[in-house]
Amino acid sequence: LAQLFRPLDMLGWVYRTIRQGIIDMAAMFSLMDTAVEVADVPGAPALVVRRPGVVFDNVDFGYERDRQILHGLSFEAPAGKHIALVGPSGAGKSTIGRLLFRFYDPWAGRVLIDGQDIAQVTQESLRAHLGIVPQDSVLFNDTIGYNIAYGREHASDAEIERAARGAAIWPFIQKLPQGLETEVGERGLKLSGGEKQRVAIARTLVKDPPVLLLDEATSALDSQTEQDILATLRRVSEGRTTLAIAHRLSTIADADLIYVIQDGRVAEHGSHTALLRHDGLYADMWTRQLRDEAEEGEAIPEPAQ
Ligand code: ATP
């Protein structure tokens with residue numbers, strides 16, 4: 001009987017691995033049409049992370065040969081620090097995230113984690129050290145417990161609960177009649193944008209990665225939910241090297257270091273205050289956003305007396 005089940009176990013493992021790969025990609029890119037083009041080099045060692053600093057070293061990259069997107073891009077996210085990548089639409093911010101996960105290889109230059117070129121280590125070991133809280137979290141048609149535990153195989157119920165508490169979604173789960181066993185997704189309970197974000201955050205906590213990519217994690221939420229989620233994310237990114245891709249500058253003003261990306265290059269970098277003082281592109285973007293927010297505020301009609 002055991003012999004019969006071993007291949008089934010194996011199949012189950014393959015299935016879960018593929019599912020995990022698919023959801024990682026879907027989560028990151030919302031573009032399933034991109035083929036994964038990279039392969040492990042023969043005999044590649046595993047990535048070993050002691051101090052999870054991330055370095056982009058003179059990276060050139062484009063999706064198509066005749067259209068270069070990143071031009072000699074260099075920046076550093078020191079271990080345990082929180083950096084933000086901001087810049088105009090199309091500047092290359094999400095592309096940086098895709099290269100970090102090694103869904104593509106640079107044309108030239110290197111991406112390093114703790115001094116190791118990520119193109120030279122196994123993809124499995126690389127992605128085991130990376131977490132992502134995407135714009136739009138993908139949920140399986142499965143239980144909420146499964147959706148959280150998917151961050152790591154064999155997570156115990158106690159670990160799932162701890163992660164759900166950390167992501168501040170435990171009170172919500174507790175109120176569900178079937179708790180962690182509640183079916184969610186298309187065929188089950190529909191979760192709100194904020195609840196889905198929290199499931200994604202809980203997943204990250206179960207996985208416990210040293211490097212975390214936040215992809216404008218709060219874009220689709222109302223401002224109260226956004227504030228709550230931002231507070232949770234701040235807690236969750238404590239002690240991890242965090243790269244936040246942001247459109248709304250107010251969400252990253254407290255980052256240790258902000259890189260302003262323009263046309264695939266670092267145009268400016270520094271703290272929020274230093275960049276405002278510099279009075280360049282970042283200061284322009286900041287002023288424009290403040291003005292837009294003020295105008296949006298004015299556009300809200302006064303309630304009738
Ligand atoms: P946004 O702020 O609008 O999300 P971004 O700074 O994240 O923009 P990227 O998504 O990195 O920008 O895109 C950089 C450039 O690469 C854009 O010109 C985009 O059209 C192009 N691009 C992105 N994905 C692909 C792809 N799969 N194939 C070809 N070109 C792509």
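**Entry 1. Contacts and composition**

I began with the contacts in the protein chain between residues at least 6 apart in sequence: 72% of them join residues at least 24 apart. I note here that the model is a predicted one. I then looked up the secondary structure and found 10 helices and 12 strands in the protein chain. For burial, I recorded that 34% of the 305 residues in the protein chain are buried.

**Entry 2. The sheet**

I traced an open sheet of six strands, with mixed pairing, in the order β6-β9-β10-β3-β11-β12. Its edge strands are β6 (130-133) and β12 (265-270), each of which pairs on one side only. I noted an average twist of 20° from one strand to the next. Helix α7 packs on this sheet, where it touches β6 and β9 (211-215), and the direction of α7 makes about 170° with that of β6.

**Entry 3. The hairpin of β11 and β12**

I next examined the pairing of strand β11 (residues 257-262) with β12: the two run antiparallel and are joined by five bridges. Ile 261 has Val 266 in β12 as its bridge partner, and Gln 262 stands opposite Arg 265 in β12. Two residues lie between the strands of this hairpin, and Asp 263 takes a positive phi near 50°.

**Entry 4. The nonpolar core**

I asked which residues touch the most other members of the largest nonpolar core. They are Ala 84, Ile 148, Ala 202 and Ile 258, in a core of 65 residues. Helix α7 (residues 193-207) gives the most to this core, contributing six residues. I followed Ile 148 further; leaving out residues up to four places away in sequence, Ile 148 touches Ile 160, Ala 163, Ala 164, Val 199, Ala 202, Arg 203 and Val 206.

**Entry 5. Lys 196**

I located Lys 196 in helix α7 and asked whether Lys 196 counts as buried or exposed. Lys 196 counts as buried because it has 21 C-beta neighbours inside 10 Å, and the cut-off for burial is 20 or more. Apart from neighbours within four places in sequence, its contacts are Ser 137, Leu 139 and Leu 191. I also looked up the separation of Lys 196 from Glu 295: the two are 99 residues apart along the chain, and their C-alpha atoms are separated by 30 Å.

**Entry 6. Ile 69**

I found Ile 69 in the loop between β1 (54-61) and β2 (70-77). Ile 69 is partly exposed because it has 18 other C-beta atoms within 10 Å, whereas a buried residue needs 20 or more and an exposed one has 12 or fewer. With neighbours within four places in sequence set aside, Ile 69 is in contact with Phe 61, Gly 62, Tyr 63, Gly 92, Thr 95 and Gly 264. From C-alpha to C-alpha, Ile 69 and Tyr 259 are 16 Å apart in space, and they are 190 residues apart in sequence.

**Entry 7. The ligand shell**

I closed with the surroundings of the ligand and asked which residues come nearest. Of the 12 residues around the ligand, these are Tyr 63, Ser 89, Lys 93, Ser 94 and Thr 95. Tyr 63 and Thr 95 had already appeared among the contacts of Ile 69. By class, I recorded four nonpolar, seven polar and one charged residues in the shell around the ligand.

Conventions:
Residues numbered from 1 in each chain as written. Predicted model: local features only at pLDDT ≥ 70, side-chain atom pairs only at ≥ 80, totals over all residues. Near = placed C-beta within 6 Å. Nonpolar A, V, L, I, M, F, W, Y, C, P; charged D, E, K, R; others polar. Core = buried A, V, L, I, M, F, W, Y, C linked by C-beta atoms within 7 Å. Helix = DSSP H or I, 4+ residues; strand = E, 2+ residues; numbered from the N terminus. Contact = placed C-beta atoms within 7 Å. Pairing = 2+ DSSP bridges. Axes fitted to C-alpha atoms, helices over the stretch in contact; angles between N-to-C directions.
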